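Thanks for coming, everyone. I have one structure to walk through today. Please take a look at it before I start.

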Amino acid sequence: MKLRFAILAVILCTAAVFLSLEDKFTPVYQNEASFLPVADSSVSDGGRRIEVTFNYQRQKGAGSNQFAVWIEDVQGNLVKTLAVTQYTSTGGWRLRKSSLSHWQEIADPLHMTMKEIDAVSGATPRQSGTYRVIWDFTDQDGKTVPDGEYICKLEAALFFTSYALYEGSFPAADEDAVIRPAPQYSYEKSSYKDMIGQVEMAYYPE
């Protein structure tokens, strides 16, 4: 019995250390994607695009500060992951299966190659602020997608099993369009609900 308790204690301590290193435990990945500060004037070169802008308030401790942005078609198929915080994308999902569970379900990180993970992983921002992610209407292979309606989603892992999900639908159009989606919370009384806010999804035809 004592041996079992000792083994359990070791497992729990190891898990606690791993969680405390969430956005540092990624030694082999290039992290090609990024969450760009809005103040960075290089974030957009124009052209047809969807820009996702949000306010991020970095939270203290483990079990938080994870988010992902991706595009789906109207059938619910993944078109492209735009960016996902590196702890979850590079293996943290194995320990915290509830972290970005919606993104995990559609992106299936278990079967992603290292190159695919590199392309979408972005370091968790160290500073609170307003950030932006841009979709240029290309798919995972860099090919331009057909005209049609697409759904943009942003998921935030607020605190362990709790999450916030934002989504906006954009049909093919010739005029600018802006959506400020309301969050869908897993728990209305969830902790860290201020982690992500002021989400705006803007479509620009040119």
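What is the strand order in the open sheet of 6 strands? Follow along with me. The order is β5-β4-β3-β7-β8-β10, and the pairing is mixed. One thing to keep in mind throughout: this is a predicted model.

Now the edges of that sheet. They are β5, residues 121-122, and β10, residues 184-185. Each of these two strands pairs on one side only. Take the β5 end. β4 and β5 run parallel, joined by 2 bridges. For a landmark there, find T85: its bridge partner in β5 is G122.

Stay in this area and look for the helix. α2 lies across β3, β4 and β5. Its direction is at about 100° to β4. Is this helix mostly covered or mostly open? Mostly covered: α2 spans residues 86-95, and 8 of its 10 residues are buried. The buried ones are Q86, Y87, T88, S89, T90, G91, G92 and W93.

Next, some other strand pairs. β2 and β11 are antiparallel, and 7 bridges link them. Within that pairing, I50 has Y203 of β11 as its bridge partner. β11 also pairs with β9, the strand at residues 177-179. Those two run antiparallel as well, with 3 bridges. Here V178 is matched with A202 in β11. As a reminder, strands of a sheet pair through backbone hydrogen bonds.

On to the interior. Which residues touch the most other members of the largest nonpolar core? That core has 29 residues, and the answer is V52, F54, F67, W135, L154, I196 and M201. Several strands feed into it. β2, β3, β4, β6, β7, β8 and β11 each supply at least two residues. The top contributor is β7, with 5 residues.

Let me single out W135. Setting aside neighbours within four places in sequence, what does W135 contact? The list runs R48, R49, I50, I71, V79, K80, L82, V145 and Y150. We met I50 a moment ago, as the bridge partner of Y203.

There is another core, apart from the one just described. This one has 12 residues, including W70, L100, I106 and I117.

To recap. We have an open sheet of 6 strands, with α2 lying across β3, β4 and β5. β11 pairs with β2 and with β9. And there is a largest nonpolar core of 29 residues, plus another of 12. That's my tour; over to you.

Technical notes. Residues numbered from 1 in each chain as written. Predicted model: local features only at pLDDT ≥ 70, side-chain atom pairs only at ≥ 80, totals over all residues. Heavy atoms only, no water. Core = buried A, V, L, I, M, F, W, Y, C linked by side-chain atoms within 4.5 Å. Buried < 20%, exposed > 50% of the residue type's maximum accessible area, 1.4 Å probe, protein only. Helix = DSSP H or I, 4+ residues; strand = E, 2+ residues; numbered from the N terminus. Contact = heavy atoms within 4.5 Å. Pairing = 2+ DSSP bridges. Axes fitted to C-alpha atoms, helices over the stretch in contact; angles between N-to-C directions.
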